[in-house]
Amino acid sequence: MANDLGRQPDGSAEARLPATLLLRAAERQRAAATSTLLGVALVAYAHWGGPGQAFVPWFVLVRLAALAWSHAITRRIQQLHAGGEPFMHLEWQFILAMGAGGAAWGLIGWMVPDLNLADWAARDLFSAIIMVFISCMVLITLSHHGRALLAYMCAQWSVACLYMVLAPGPLAKALLIFVGIAGLVAVLLLYGRLLQRQTRQGVLAELRNDDLTARLQQANRQLEQALEQAVAAANHDPLTGLLNRRALATQVDYLAAARRRHGGACSVLLLDIDHFKRINDSHGHAAGDEVLRALAATLACTLREVDIIARWGGEEFLVVMPDCDIATALVRAEDVRAGVARLKVAALPADYRLGVSIGAADWPLDAGFDAVVSRADTALYSAKEAGRNRVEQARP
Ligand SMILES: Nc1nc2c(ncn2[C@@H]2O[C@H](COP(=O)(O)OP(=O)(O)OP(=O)(O)O)[C@@H](O)[C@H]2O)c(=O)[nH]1
């Protein structure tokens, strides 16, 4: 419920308050419709056969018409709210419908034609009590909307008193009743004002609370995003997007622990772009960067998802291949080498052929990671020595 109210167009709690109060008042009015029907039936039944019987059908008709009108407006308000559309233009119709409802209840007074209190029948007393009871109920159901409450009270008691003033009989007595009722209405309105002020403050606090919660949730989301970005930045090489050495070390630790438990083959590739310094020197640092990114992309699309690919240093890359024996690793390394040889880098001349030297080593279960990397490094050195752009297998 509270979150729905956030759909009001203007952001601040104060700006959303009038619409929220109208909506709450409309919701309560709709909920009270059943009791209205029951009240009308009881009053009509009580007066049927009494001196005001002729007026009963009019009372029922007018009261039901007012009920239908207020029902249509409250329903429309709720529909517009549910659709996220503004509904404040219906406020005056709501106030008038409430006034009409009050006036219709006031017609009870016209069914109590005998103003002689000594002769009051049980039904007259019942109706008088019903009218006071309804006023008290309306204090609660319309406590969100002061003007609608005022319209209701004034309409109900004015219509009820009108007959008494107009009725034949001593004016002084009618005025006495009128003053008595006016006093009662004044007390009810005073109490209603108090209730409305409290309700208003309560709803405003609720809206401010919603705002605060929404702001906190937003701040939380921003913090989460910032944390994700910070973690990503701490684990990845900003140029290529590959894992950095720190993140690689963490993943290798997990892998080593899993292999100690479940076993399985594993291989390591160490790659170094050939004559990279020359690319930088002849075509600029930006061209070198583009080559690094292109190599990273080639690695990512040639190797498997489970392979751990990291930027090891300047122009060196390291790949750890779980569940992969050295024979398969050599085939994959050759795929990478061939892929790099086919690469076209926009920053380099069209006929420029990139080369990459690769040292491949198996990782026995009883060997440490540093030792494997060292063997792959030696194999890489051999590949460079043997003329570059080739794959060399490390000695056991
Ligand atoms: N553009 C660019 N260059 C880098 C980056 N990191 C390191 N380098 C350069 O990479 C070059 C590495 O050169 P060398 O280690 O001499 O190796 P090489 O020229 O590739 O020669 P061989 O490995 O023997 O084929 C150096 O010039 C570094 O400045 C980077 O992030 N971007």
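The shell around the ligand in this predicted model divides into four nonpolar, five polar and eight charged residues. In total, 17 residues surround the ligand. The closest are Asp274, Phe276, Lys277, Gly288 and Gly314. Three elements give two or more residues to this shell: strand 1 (266-273), helix 10 (276-283) and helix 11 (285-302).

Strand 1 also belongs to an open sheet of five strands. The strand order is 2-3-1-4-5, and the pairing is mixed. Strand 2 (308-313) and strand 5 (391-393) form the edges, each pairing on one side only. From one strand to the next, the twist averages 20°.

At one edge of the sheet, strand 2 pairs with strand 3 (residues 316-322). The two run in the antiparallel sense and share five bridges. A hairpin of two residues provides the link between strand 2 and strand 3. Within this pair, Ile309 has Val319 of strand 3 as its bridge partner. Ala310 stands opposite Leu318, again in strand 3.

Helices pack against the sheet. Helix 11, which contributes to the ligand shell, lies across strand 1, strand 2, strand 3 and strand 4 (356-362). Helix 11 runs at about 10° to strand 3. Helix 13 (residues 369-385) packs on the sheet as well. Its contacts are with strand 1, strand 3, strand 4 and strand 5. The direction of helix 13 makes about 145° with that of strand 4.

Elsewhere in the chain, helix 6 (residues 122-141) packs with helix 7 (residues 146-166). The angle between them is about 170°, and the axes lie 10 Å apart. Helix 6 is therefore roughly antiparallel to helix 7, as the angle is over 145 degrees. On the side of helix 6, the contact is made by Met131, Ser135 and Val138. Helix 7 supplies Leu149, Tyr152, Met153, Gln156 and Ala160. By class, the residues of this contact comprise six nonpolar, two polar and no charged.

Sequence annotation was set against the model. An unreviewed UniProt entry lists "transmembrane region" for residues 31-48, 54-73, 94-113, 125-142, 149-166 and 172-191. Two of these spans were examined in the coordinates. Residues 54-73 are 90% helix and 0% strand, with end C-alpha atoms 31 Å apart. Residues 125-142 are 94% helix and 0% strand, and here the end C-alpha atoms lie 25 Å apart.

The unreviewed UniProt entry also carries the annotation "coiled-coil region", covering residues 209-236. In the model, this span is 96% helix and 0% strand. The end C-alpha atoms of residues 209-236 lie 40 Å apart.

Notes
Residues numbered from 1 in each chain as written. Predicted model: local features only at pLDDT ≥ 70, side-chain atom pairs only at ≥ 80, totals over all residues. Near = placed C-beta within 6 Å. Helix = DSSP H or I, 4+ residues; strand = E, 2+ residues; numbered from the N terminus. Nonpolar A, V, L, I, M, F, W, Y, C, P; charged D, E, K, R; others polar. Axes fitted to C-alpha atoms, helices over the stretch in contact; angles between N-to-C directions. Parallel < 35°, antiparallel > 145°, perpendicular 65-115°, else oblique. Contact = placed C-beta atoms within 7 Å. UniProt positions renumbered as here; feature names shortened; annotations may be inferred. Pairing = 2+ DSSP bridges.
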